[in-house]
Structure formats: C-alpha cells, structure tokens
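Me: Please take a close look at one part of this model, the place where the two chains meet. I would like a connected account of that interface and of what lies behind it.

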Amino acid sequence: MAHQAHAYHMVDPSPWPLTGAVGALLMTSGLAIWFHFHSMTLMTLGLILLLLTMYQWWRDIIREGTFQGHHTPPVQKGLRYGMILFITSEVFFFLGFFWAFYHSSLAPTPELGGCWPPTGITTLDPFEVPLLNTAVLLASGVTVTWAHHSIMEGERKQTIQSLALTIILGLYFTALQAMEYYEAPFTIADGVYGSTFFVATGFHGLHVIIGSTFLAVCFLRQIQYHFTSEHHFGFEAAAWYWHFVDVVWLFLYVSIYWWGS
Amino acid sequence: MAMSPTAMVARRALAAASQGSHEGGARTWKILSFVLALPGVSVCMANVYMKMQAHSHENPEFVPYPHLRIRTKPWPWGDGNHSLFHNSHTNALPTGYEDSHH
C-alpha cells in the first residue's frame, strides 16, 4: 500500500464538479426557457441535478474528512481559507444590492415623486415584525455560540439542545418573513422600491434557508458523533455562515426597513 | 466613541466567555441564551401582538400611479398579472383592488 510523504489531501477523481456545472447550466438556461417558452422541464432537470450533486459531493467530503482522516491541520487550514473567501465573495454580492438601494433612495427621481419612500408606497413598520426578526437572528447568534462552546467542552446534550434551538429560530425567521411577504401592501412590481426591497431581502431569505440547512446537517452529524471537541470544522463553517447571514440582516434592517421608511 | 458602563461590563464578560480553553464558556452562553436572547425575542413577540391589535385594517385609497404596479412583461405563472406573494386584500392590480374591499 502506497503512503504519501506529505500532509496534504490529493483528492480522488470525482464527477461532481462536472455534474454541478451541467446542473448550473441547465438551471440558468432553463430559467430563460421558462420565461420565454413557458416550459419548466429544463430548469427542473437542472435543479434536480444540482441537488444530487450537492448531496453526493458533500457526502464524499464528510467521508474523506471524518471517516478517512484526510483533513489534517494543513488541509483544515485550507478549508478555513476557502470558507472565508467564499463568505467574502457573498459580502460583495450583497454589496451590489445595497449599492442599488442607496443609488435609488438617496436621489429619488421625479417619477417617484422626488421622495423616498416613493409616493403611494406604504412601508412596513420597522418596529413590528422586522424588529422581532432582528431579535430572532441575534438570539440565534447567541445560541449558536452556546453550541460551539458546548462542542469544545464535549457537552453532547447541550450541543444538541443549542443547535436545535438555533435551527428553530432560523425557521421562525423564515416563517415570519414569508408572512411579511404575503401581507406587505407593496409588491416587487412597485417600481424601484419594490425591486430593491424584494431582491435584497429575498436573497437574504434564501441565505437564511441555506444557513439553516447547513446547521441542520451539522445537527444530524452531531447526533452521529462526527464532531470531536478539537475537530469540528464543518460546524465552525456553518456558524461563520450563520453570523454572516445575521450581519447582512442588520444592514438590511437599518438601511431598508428603518432609514428607508 | 464612549461606551456606556453596561456595555463595558458586557464587553469584558463576553471576552472572557469567548476563550475556548476557559472552563464554563458554554455555561455563560447558555445563560445568555435563556436570560437575554430568548426573553428579548418574547418581548418583541408581545410587542408585535399588541401593535397588531391596535392597527386599523384600512388600506389606502387606490390611485393608479404610473410608477407603481408596473407590468412591462407578464409573470410566467397564472394570468401573468399577479406577483408571487400577491394578496388580494392588500395588493391592488394596475386596475385597482380585486375584491370589493371592505
């Protein structure tokens, strides 16, 4: 049996990067087909392929790290850099939508009535559900930190409790936002106000769902004894992502809900 | 920027609790969760409930502003004239509210 003379991970050949790329292609072109020719087939196919790719690729990474021991300290360091760079790219993604919001709201055009919020727009009260949403996400930041310390101290039951609480808070946020979307007196078609509001908060909501899913996967892994008190990077990555989601919300709340009302 | 005394105390406590090796970090965050975070959520929930009660359920009168309810291209679902989260009670169509509206 051959042994490697270094601590790095030379990954086995894998089909998932290709299936992921094909899935992304089918989803995007499928979206265009749906818009223009009213068929959802290509888009649905792309979505299924993407979901299958994510499941199998991440399953393989868990196998390589947790069960086969390939995630040595230098490998883990690389994964940390990777997650940090990814989150940084997401920060820039949201920066664009904040740019759009401030571009339109700092100098409202005459077509809107020369004011912000535009004439005819009834904004949401920032001190009702949006404030509750802020409290929910901040609370989930506290509970996820409780979870992290519990993992580091080898407290299995507390880890499970705090992680469950964090996920429940995440789901509560999503439910509240969905209700707000339905009850809002304005829609995405209500000029640039509607566009900036729903695109920025919509992408944020998508990231909450992604983050909650990531945490839920960590929850299942914790139940199955994947994490040790010294080595639990999957959880740390999920927690970083969750804090990022929380911070984006704080900026959304202050800019769009509060200042923009 | 000066911090309030409370904020200073909180900052010191949180810094101590964040030390990974320091025993009891988990206990500190557990306490914070049940004493600060979750009660904070409950207070906000109560606030929402009370504000909902105080609301009147009136919608503003419909004015066919050209900068709102834009329909450059129909949506790819339904009749193409209703947004994804359309609520006939609170969202008017370009021609006005759908239901007879109180």
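Reply: The salt bridge is a convenient place to start: A:Asp125 pairs with B:Lys51, and their closest N and O atoms lie 3.1 Å apart. The model is a predicted one, and this distance, like the other values here, is computed from it. Between chain B and chain A the count of salt bridges is one. Polar contacts add to the picture, with 13 residue pairs found across the interface of chain B and chain A, both residues of each pair being at pLDDT 80 or more.

On the side of chain B that touches chain A, the greatest contribution is from helix H2 of chain B, residues 25-54, with 17 residues. Sorted by class, that side of chain B consists of 20 nonpolar, 16 polar and five charged residues.

As for extent, 45 residues of chain A and 41 residues of chain B take part in the contact. The size of an interface is often given as the accessible area lost when the parts come together. For chain B and chain A, the buried area is about 3400 Å², and carbon and sulfur atoms account for 67% of it.

Helix H2 of chain B also has a part in the largest nonpolar core. This core has 60 residues, of which A:Phe186, A:Phe197 and A:Phe235 touch the most other members. H2 of chain B supplies at least two residues of the core, as does each of five helices of chain A: H3 (73-106), H4 (129-152), H5 (156-183), H6 (191-223) and H7 (233-259). H7 of chain A provides the largest share, 15 residues.

A:Phe197 can be followed further. Apart from neighbours within four places in sequence, A:Phe197 contacts A:Leu124, A:Tyr181, A:Phe186, A:Gly202, A:Ile256 and A:Tyr257. One of these partners, A:Phe186, is itself named with A:Phe197 among the core residues that touch the most other members.

The two chains can then be set side by side. Chain A has seven helices and zero strands, and its C-alpha atoms fill a box of roughly 75 × 45 × 30 Å along the principal axes. Of its 261 residues, 43% count as buried. Chain B has two helices and zero strands, and 26% of its 102 residues count as buried.

Contacts within each chain complete the account. Taking contacts between residues at least 6 apart in sequence, 30% of those in chain B join residues at least 24 apart. In chain A, residues 24 or more positions apart account for 74% of the contacts with a separation of 6 or more.

Key: Residues numbered from 1 in each chain as written. Chains lettered and ligands numbered in written order. Predicted model: local features only at pLDDT ≥ 70, side-chain atom pairs only at ≥ 80, totals over all residues. Heavy atoms only, no water. Contact = heavy atoms within 4.5 Å. Buried area = accessible area lost by both parts, 1.4 Å probe. Salt bridge = Lys/Arg side-chain N within 4 Å of Asp/Glu carboxyl O. Polar contact = N/O pair within 3.5 Å; in protein donor to acceptor, adjacent residues only side chain to side chain. Helix = DSSP H or I, 4+ residues; strand = E, 2+ residues; numbered from the N terminus. Nonpolar A, V, L, I, M, F, W, Y, C, P; charged D, E, K, R; others polar. Core = buried A, V, L, I, M, F, W, Y, C linked by side-chain atoms within 4.5 Å. Buried < 20%, exposed > 50% of the residue type's maximum accessible area, 1.4 Å probe, protein only.
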